[in-house]
Amino acid sequence: FPLSLVVGPLIAEIVMNLISIMFLFKVYEKRDFKIFNKSIFYYLLLFFVIINLSSILSIYREIIILKSLASFRYIIFIFSVFYFLQIYTNLNQIFLKWLSLTLLVIIIDGYIQYFFGVNSFGFESYRHDRISGFFENQLILGSYLLKFLILFLSFIFFNYKIIKKNELIFFSILILFGFYLIIATGDRAPFYLLIVYVILLFISISFRFKSLIIMLLVLFSVINISFNKTFFDRYIAQTLKQVQFKSLYINLRNLDFKNFYNSL
């Protein structure tokens, strides 16, 4: 499934729907409907009802109502994955290895485009300060990497006791290069979400690993300042310019608070 998202949205839809159909067939065959008897299913079902009511009441209902109704397939897909992970105990390890291979190819391809301007398929950088890799003119590489690297890291935690030492070293290197590539893509939302994720990870892990995270953060900072030609321009200069902190400061300075409160 992660690989199908790279190939194209149509392939990803086909794969997702096939997995969901297999799940529904299995559930019906075994009459195992108790899998839906979970609070998360009712929460998601309530959310589904809310967004469809919103679509019906919207002035754009003709455009969005079908998409809102079709969103139910995501709920089924979530339970499909949960179901198959429970039935096939070795699926965790298989998925971990396939995901690592997928991420390895995508990360290598991203670095090729970063250093040479074109990726392994000859796709050029869509913008001078962004990297898209296999996604060509869709600037979603950073977002893709963030989501699947976090998922990848979660699977490593779940399978930590059975992962071999050499595999763990490889996975760790892959994650580090992947996190740095997120920064190199110039995609600001994944970059800021990565910072939030690292902070939450820092809070939740044991004390002995915190020094390692601090060292890695320092290393990332030094590398970005030294070698990343777009880091300052993309993440600092462009951000400050677009959010217009200077204009905000001037507006606040000129605001007449006395008259403001008197008008309330």
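## N119 and its loop

In this predicted model, the side chain of N119 reaches the backbone oxygen of G133 at 3.4 Å. N119 lies in the loop between helix 6 and helix 7. A second partner is D109, whose side chain is joined to the side chain of N119 by a polar contact of 3.1 Å.

Is N119 buried or exposed? Its relative accessibility is 4%, so N119 counts as buried, the cut-off being under 20%. Leaving aside neighbours within four places in sequence, the residues in contact with N119 are D109, I112, Q113, G133 and F134.

## The chain as a whole

The protein chain has 13 helices and zero strands. Read along the sequence, its pattern is therefore α-α-α-α-α-α-α-α-α-α-α-α-α.

The chain has 264 residues, and buried residues make up 34% of them. Consider next the contacts between residues at least 6 apart in sequence: 65% of these join residues at least 24 apart.

## Helix 6 against helix 7

The loop that holds N119 runs between helix 6 and helix 7, and these two helices also pack against each other. Two packed helices are described by the angle between their axes and the distance between the axes. For helix 6 and helix 7 the angle is about 150 degrees, and the axes are 10 Å apart. The crossing of helix 6 past helix 7 is left-handed.

Which residues meet here? From helix 6 they are N92, F95, L96, L99, S100, T102, L103, I106, I107 and G110. From helix 7 they are L141, Y144, L145, F148, L149, L151, F152, F155 and I156. Sorted by class, the contact has 15 nonpolar residues, four polar ones and no charged ones.

## The largest nonpolar core

In soluble globular proteins, nonpolar side chains tend to be buried together. In this model, the largest nonpolar core has 34 residues. Within this core, L103, L145 and F152 have the most contacts. Four helices each supply at least two of the core residues: helix 6 (91–116), helix 7 (141–158), helix 8 (165–184) and helix 9 (188–204). Helix 7 gives the largest share, 10 residues.

F152 is one of the helix 7 residues that meet helix 6. Not counting residues up to four places away in sequence, F152 touches L96, L99, S100, L103, F171, L174 and I175. Of these, L96, L99, S100 and L103 are in helix 6.

## A second core, with I75 and S71

A second core, separate from the largest one, has 11 residues, including I35, F41, F48 and I75. I75 is in helix 5. Its relative accessible area is 6%, so I75 is buried. Apart from neighbours within four places in sequence, I75 is in contact with F41, L44, L45 and F48. How far apart are I75 and F48 in sequence and in space? They are 27 residues apart in sequence, and their C-alpha atoms are 8.9 Å apart.

F48 is also touched by S71, which touches I51 as well, not counting residues up to four places away in sequence. S71 is found in the loop between helix 4 (61–70) and helix 5 (72–87). With 14% relative accessibility, S71 counts as buried. A polar atom of the S71 side chain lies 2.5 Å from the backbone oxygen of S68.

## S143, a partly exposed residue

S143 is in helix 7. Its relative accessibility is 22%, so S143 counts as partly exposed; the buried class covers values under 20%.

Leaving aside neighbours within four places in sequence, S143 is in contact with D187 and P190. S143 and D187 are 44 residues apart in sequence, while the distance between their C-alpha atoms is 7.4 Å.

## The backbone at R31

Most residues other than glycine have a negative phi. What is the phi of R31? R31 has a positive phi of about 55 degrees, although R31 is not a glycine. This residue is in the loop between helix 2 (9–30) and helix 3 (39–57).

How values were computed
Residues are numbered from 1 along each chain as its sequence is written. This is a predicted model: local features need pLDDT of at least 70, side-chain atom pairs count only at pLDDT 80 or more; totals for chains, interfaces and linings use all residues. Side-chain values use heavy atoms; hydrogens and water are left out. A nonpolar core is a set of buried Ala, Val, Leu, Ile, Met, Phe, Trp, Tyr and Cys residues joined through side-chain atoms within 4.5 Å. Buried means under 20% relative accessible area, exposed over 50%, partly exposed in between (1.4 Å probe, protein chains only). Contact means heavy atoms within 4.5 Å. Axes are lines fitted to C-alpha atoms, for helices over the stretch in contact, and angles run from 0 to 180 degrees between N-to-C directions. A crossing is left-handed if the near helix is turned anticlockwise from the far one by less than a right angle, and right-handed if clockwise. Ala, Val, Leu, Ile, Met, Phe, Trp, Tyr, Cys and Pro count as nonpolar, Asp, Glu, Lys and Arg as charged, and the others, Gly among them, as polar. A polar contact is a pair of N or O atoms within 3.5 Å; within protein, one must be able to donate a hydrogen and the other to accept it, and residues adjacent in sequence count only if both atoms are side-chain atoms.
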